[in-house]
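Dear colleague,

I am handing over the structure below, together with an account of what was found in it. Please read the notes alongside the coordinates.

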Amino acid sequence: MAPLPPPPDGFYEALRDYLLLAEGFAWWRAWAEPQPGHVNFPSVSSFPSASALLSSIDYRSGVSSEKLPFPAGCFDLAYSVAALEHVPEPEGTIAEIARVLAPGGLAVHEIDLKHHGSADPLGFLELEDEEWRRRATHYGGDLSLRTILEGGFAGEIFCNRLRSADWKQLFQSAGLAVERVEPVIVLDASAVKPERFAAPFRNLPVEELAVLAIRVVGRKSA
C-alpha cells in the first residue's frame, strides 16, 4: 500500500462539512436512531472540528478484512464505499463485520457492481469465472489506488461480480438482519442483454442485472 500525498490546505475541514451536509451522512444517521422520522441532524457548528476528529481516528492499514484486529462487539457502525466489490472471499469479510459489531450495530455499505475501468458496465459478466480470476488483478503489491490514479496500471481490477441478491444473502448468512437493499445506480433495462453473459449471469432477471450499485443496511440483533 503506497502512502498518500499530503492533502491540500483545508481538505479535512471541507470533508467534515461535506459529510454533515451530504445525503449519505444524514441517511445512515437516521437508520441509527430508534425513531428515524424524528431524528435531529447535527449542524456544522455543533460537530467536532476536523482536528478533533482526526486525533480520534485509529488508522490501520495492511490488515485483512477477513481477520480484523479488533475484539468482538466493539463497533456501533461498520461503513464502506466502493470497497466490498474488491474482496475476493466476501463471506469471511461479512462474517468479520458481523463479529466486530455490537448488538444493535449497523453495517452500511455502498457497493459498486459495475465493470471497473470499462465503458460497458456489465462487460465482465461475459467471462467465465476462471478466466476472469486469471486476468483480473487484486489490490495490493504493485497495485494501489495511487498507481491507478497516476495512470500506472492499465489492466483489469478484480471485482467479485456479486449481484444485489448475492450481497443480501451474504449479510443474512452472517446473522445480520437486512433492513434495506437500495439501488443507487440502475441501468436502463432495455440495454441489458442476458444472453451475452456467461453462466450463471445469463439466467438472472434483467431487473437484477440492471442494478449497477447498491447501498446495503444490515443490523446485528440486540
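In this predicted model, the side chain of H86 reaches the backbone oxygen of F158, at a distance of 2.8 Å. H86 itself sits in the loop that lies between β1 (75–81) and α4 (90–100), and it counts as buried because its relative accessibility is 14%, where buried means under 20%. Once its neighbours within four places in sequence are set aside, H86 is in contact with H116, Y139, I157, F158, C159 and N160. One of these partners, C159, is likewise buried, at 2% relative accessibility.

Since a cysteine has come up, a word on that residue type may be useful here. C74 is partly exposed, with a relative accessible area of 35%, whereas C159 counts as buried. The structure holds zero disulfides.

Turning to the overall layout, the protein has eight helices and six strands, and read along the sequence these follow the pattern α-α-α-β-α-β-α-β-α-β-α-β-α-β. Of the 222 residues in the protein, 34% are buried. Among the contacts between residues at least 6 apart in sequence, 77% join residues that are at least 24 apart.

The sheet deserves a closer description. Four strands form an open sheet with mixed pairing, and their order is β1-β2-β6-β5. β1 and β5 (176–186) are the edge strands, each of them pairing on one side only. On average, and with direction ignored, neighbouring strands of this sheet are turned by 10 degrees against each other.

Going through the sheet pair by pair, β1 and β2 (residues 101–112) run in the parallel sense and pair over six bridges, with A78 standing opposite A107 in β2. The pairing of β2 with β6 is antiparallel and comprises seven bridges; here L106 stands opposite R219 in β6. β5 and β6 also run antiparallel, joined by nine bridges, and in this part of the sheet V186 is found opposite V211 in β6. As for burial, β6 is mostly covered, since eight of its 10 residues are buried.

Two helices that meet this sheet are worth following in the viewer. α4 lies across β1, β2, β5 and β6 (211–220), and it runs at about 145 degrees to β2. Helix α7 (residues 164–173) packs on the sheet as well, where it touches β2, β5 and β6, and its direction makes about 160 degrees with that of β5. Within α4, the residues P90, T93, I94, E96, I97, A98 and V100 are buried, and the buried residues of this helix pack against α7 in addition to β1, β2, β5 and β6. The loop holding H86, described at the start, therefore leads from an edge strand of the sheet, β1, to this helix, α4.

Finally, there are the aromatic rings, of which two pairs were counted. In one of them, the rings of F70 and F75 have their centres 5.0 Å apart and their planes at 85 degrees, so the pair is edge-to-face, an arrangement that calls for planes over 60 degrees apart. Both residues of that pair are partly exposed, F70 at 21% relative accessibility and F75 at 31%. In the other pair, the rings of F124 and W132 have their centres 5.5 Å apart and their planes at 90 degrees, so this pair is edge-to-face too. Its surroundings can be judged from the accessibility values: F124 is buried, with a relative accessible area of 0%, and W132 counts as buried at 1%.

If you have time for one question only, I would suggest this one: which residues, beyond its neighbours within four places in sequence, is H86 in contact with? They are H116, Y139, I157, F158, C159 and N160, and the contact with F158 includes the approach of the H86 side chain to the backbone oxygen at 2.8 Å.

With best wishes

How values were computed
Residues numbered from 1 in each chain as written. Predicted model: local features only at pLDDT ≥ 70, side-chain atom pairs only at ≥ 80, totals over all residues. Heavy atoms only, no water. Helix = DSSP H or I, 4+ residues; strand = E, 2+ residues; numbered from the N terminus. Buried < 20%, exposed > 50% of the residue type's maximum accessible area, 1.4 Å probe, protein only. Polar contact = N/O pair within 3.5 Å; in protein donor to acceptor, adjacent residues only side chain to side chain. Contact = heavy atoms within 4.5 Å. Pairing = 2+ DSSP bridges. Axes fitted to C-alpha atoms, helices over the stretch in contact; angles between N-to-C directions. Disulfide = S-S within 2.5 Å. Phe/Tyr/Trp six-rings, centres within 6.5 Å; stacked < 30°, edge-to-face > 60°.
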